[in-house]
Amino acid sequence: MNDDTFVPRSRTAPPQTSVVGVLVPVPEPWAQVLVDWRAKVGDPQATVVPPHVTLLPPTEVPCADRAAISEHLARVARDHPPFEMHLSGTGTFTPVSDVVFVTVAKGIGNCELLASDVRTGPLARDLSFPYHPHVTVAHDVAPDMLDLAYSGLADLSAEFAVTSFTEFEQSPTGTWVVAREYPLTGPPHRR
């Protein structure tokens, strides 16, 4: 497990800080398909972490910065247009990390631009690994279950419009709760 992963865990952050993350949620009906597969392969995060593409991994921030963070995220959302996402096929980070994911086939550039802008200002931070938009479907499970997720979702194809991103905050019990949704209202990107 790495610090770039949304998992429920007891908060060790001091009381004057909070842990936030920003992501693009995968909508229904595909979200449930991915939850079901994650449960099928025995991933304990199946029903706790909703299917998503991470823009900002879990990040500890001072509580005093929360208003500035909300303003920053609203500004980022105003600068980016809605876009189409296509999830197609699977990939893996093995041997670096025991993770199988569904590949972002369309919308990669949009996610990269969004993630880059989100990780500025009050949310500026380095990442443990290079940014690679994806949807995790198996993490730290037995090798045969990684193989099952990899082959079982190889033909998945899900297309949907991304019209917003979501800020999550980690509760003191370690679960993730929605803090705010930010509609994407920016002009189309120039080609």
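This briefing walks through the sheets, helices, core and salt bridges of the structure above. Please keep in mind that the model is predicted. One open sheet has four strands in the order S5-S4-S3-S6, and another open sheet has four strands in the order S2-S1-S7-S8. The largest nonpolar core holds 41 residues, and the structure has three salt bridges.

**The S5-S4-S3-S6 sheet**

- Let's start with the sheet whose strands run in the order S5-S4-S3-S6, with antiparallel pairing.
- Its edge strands are S5 and S6 (157-162), each of which pairs on one side only.
- From one strand to the next, the twist of this sheet averages 30°.
- Five bridges hold S4 and S5 together in the antiparallel sense.
- If you would like a pair to find on screen, Val102 has Val135 in S5 as its bridge partner.

**The S2-S1-S7-S8 sheet**

- Pairing is antiparallel here too, along the order S2-S1-S7-S8.
- S2 (52-62) and S8 (176-183) are the edge strands, and each of them pairs on one side only.
- The twist averages 25° from one strand to the next.
- S1 (residues 17-25) runs antiparallel to S2 and is joined to S2 by eight bridges.
- Two places to look along S1 and S2 are Leu23, which stands opposite Thr54 in S2, and Val24, whose bridge partner in S2 is Val53.
- S1 also pairs with S7, again in the antiparallel sense, over four bridges.
- Within that pairing, Val20 stands opposite Glu169 in S7.
- S1 is mostly covered, with eight of its nine residues buried.

**Helix H1 and its surroundings**

- H1 spans residues 30-40, and its buried residues are Ala31, Leu34, Val35, Trp37 and Arg38.
- Viewed down the axis of H1, these buried residues fall within an arc of 165°, so they line one face of the helix.
- The cover over the buried residues of H1 includes strand S4 (99-106), strand S5 (134-139) and helix H4 (143-152).
- H1 lies across S4, S5 and S6, and it runs at about 25° to S5.
- Just after H1 comes Gly42, which takes a positive phi of about 85°.

**Helix H3 and the two sheets**

- H3 (residues 108-118) lies across S3 (83-92) and S4, at about 100° to S3.
- H3 also lies across S1, S2 and S7, running at about 5° to S2.

**The nonpolar core**

- The residues with the most contacts inside the 41-residue core are Leu34, Leu73, Met85, Leu87, Val102, Leu123 and Phe165.
- H2 gives this core its largest share, five residues.
- Leu87 is a handy place to start exploring: leaving aside neighbours within four places in sequence, its contacts are Val26, Val102, Thr103, Val104, Val135, Leu156, Ser157, Ala158 and Phe160.
- Val102 and Val135, both in contact with Leu87, are also the bridge partners met earlier, with Val135 in S5.

**Salt bridges**

- As a general point, side chains of opposite charge can pair when their charged atoms come close.
- Asp43 forms a salt bridge with Arg38, and their closest N and O atoms are 2.9 Å apart.
- Asp43 and Arg38 are both buried, and Arg38 is one of the buried residues of H1.
- Glu167 forms a salt bridge with Arg66, with 2.5 Å between the closest N and O atoms.
- This pair links distant parts of the chain, since Glu167 lies in S7 (residues 164-170) and Arg66 in H2 (residues 66-79), 101 residues apart.
- Both Glu167 and Arg66 are buried.
- Arg66 also meets Glu169 in a salt bridge, at 3.2 Å from N to O.
- Glu169 lies in S7 and Arg66 in H2, so this pair ties together parts that are 103 residues apart in sequence.
- Glu169 is partly exposed, with a relative accessible area of 25%, whereas Arg66 counts as buried at 17% relative accessibility.
- Through shared partners, the salt bridges join Arg66, Glu167 and Glu169 into one network.

Notes:
Residues are numbered from 1 along each chain as its sequence is written. This is a predicted model: local features need pLDDT of at least 70, side-chain atom pairs count only at pLDDT 80 or more; totals for chains, interfaces and linings use all residues. Side-chain values use heavy atoms; hydrogens and water are left out. Buried means under 20% relative accessible area, exposed over 50%, partly exposed in between (1.4 Å probe, protein chains only). The arc is that of the directions from the helix axis to the C-beta atoms. Contact means heavy atoms within 4.5 Å. Two strands pair if DSSP finds at least two bridges between them. Axes are lines fitted to C-alpha atoms, for helices over the stretch in contact, and angles run from 0 to 180 degrees between N-to-C directions. A salt bridge is a side-chain nitrogen of Lys or Arg within 4 Å of a carboxyl oxygen of Asp or Glu. A nonpolar core is a set of buried Ala, Val, Leu, Ile, Met, Phe, Trp, Tyr and Cys residues joined through side-chain atoms within 4.5 Å.
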